Amino acid sequence: MESTEAREQIDKAALQILASSVGTILGEHSKIHQFVKLAAERPTTINIDRARRTFDALPVYQRKRVAETAEGVAIKQKNSMTMSSILGRLGGTKAAAAAIAAKAPVAVEPKRKTVKEVVWK
């Protein structure tokens, strides 16, 4: 079972992703963005309720666009966290991983045979 503190961190991260997505779709100066951002920064019952009510008042198509954007951001963030944890276990950094990737062998195309080679086989 998750601790209350861990759950609050997850909720805060989710609200921050939602706030950035609302800002991307509706603009940084929209009231909805401001309310969701405030709820992410100070998650009190009043702030969260106000953010929920204003977000729910949006038309369905805008909520869907925000949801798609938020999902994309969440997936990118999850992948980044996964890569960081893998590098942490390996004892490397992102710079070290980039250097290793740069030195990795590049796939070489197989040599094309000439007509003579094909005919004589």
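The following questions and answers concern helices, confidence and the largest pocket in a predicted model.

Q: What is the confidence of the protein chain, and where is it lowest and highest?
A: The chain averages a pLDDT of 77, and 60% of the residues score at least 70. Helix α6 (residues 115-120) has the lowest confidence, with a mean of 58, while helix α2 (residues 31-41) has the highest, at 91. Where pLDDT is low, the predicted coordinates should not be read in detail.

Q: How do you know what span is expected of helix α3?
A: The expected span is 1.5 Å times one less than the number of residues. Helix α3 (residues 45-56) has 12 residues, and its 16 Å from first C-alpha to last is close to the 16 Å expected.

Q: Why are the buried residues of α3 said to be on the same side?
A: Buried means under 20% relative accessible area, and in α3 this applies to Asn47, Ala51 and Phe55. They cover an arc of only 60 degrees around the axis, so they lie on the same side of α3. Thr45, Ile46 and Arg53, on the other side, are exposed.

Q: What makes the buried residues of α2 one side of that helix?
A: The buried residues in α2 are Ile32, His33, Val36, Ala39 and Ala40. Their arc around the axis is only 130 degrees, which puts them on the same side of α2.

Q: Which helices supply the lining of the largest pocket, and of what class are its residues?
A: The pocket has a volume of about 190 Å³. At least two lining residues come from each of α1 (4-26), α2 and α3, with the largest share, 5 residues, from α3. By class, the lining has 8 nonpolar, no polar and 3 charged residues.

How values were computed:
Residues are numbered from 1 along each chain as its sequence is written. This is a predicted model: local features need pLDDT of at least 70, side-chain atom pairs count only at pLDDT 80 or more; totals for chains, interfaces and linings use all residues. Side-chain values use heavy atoms; hydrogens and water are left out. Helices (H or I, at least four residues) and strands (E, at least two) are DSSP runs, numbered from the N terminus. Buried means under 20% relative accessible area, exposed over 50%, partly exposed in between (1.4 Å probe, protein chains only). The arc is that of the directions from the helix axis to the C-beta atoms. pLDDT is the predictor's confidence in each residue, from 0 to 100. On a 1 Å grid over the protein atoms alone, a cavity is a set of points where a 1.4 Å probe fits but cannot get out, and a pocket is an open set with protein on both sides within 12 Å along at least five of seven lines; lining residues have an atom within 4 Å of a point. Grid points are joined across faces, edges and corners, and a volume is the space filled by probe spheres set on the points. Ala, Val, Leu, Ile, Met, Phe, Trp, Tyr, Cys and Pro count as nonpolar, Asp, Glu, Lys and Arg as charged, and the others, Gly among them, as polar.
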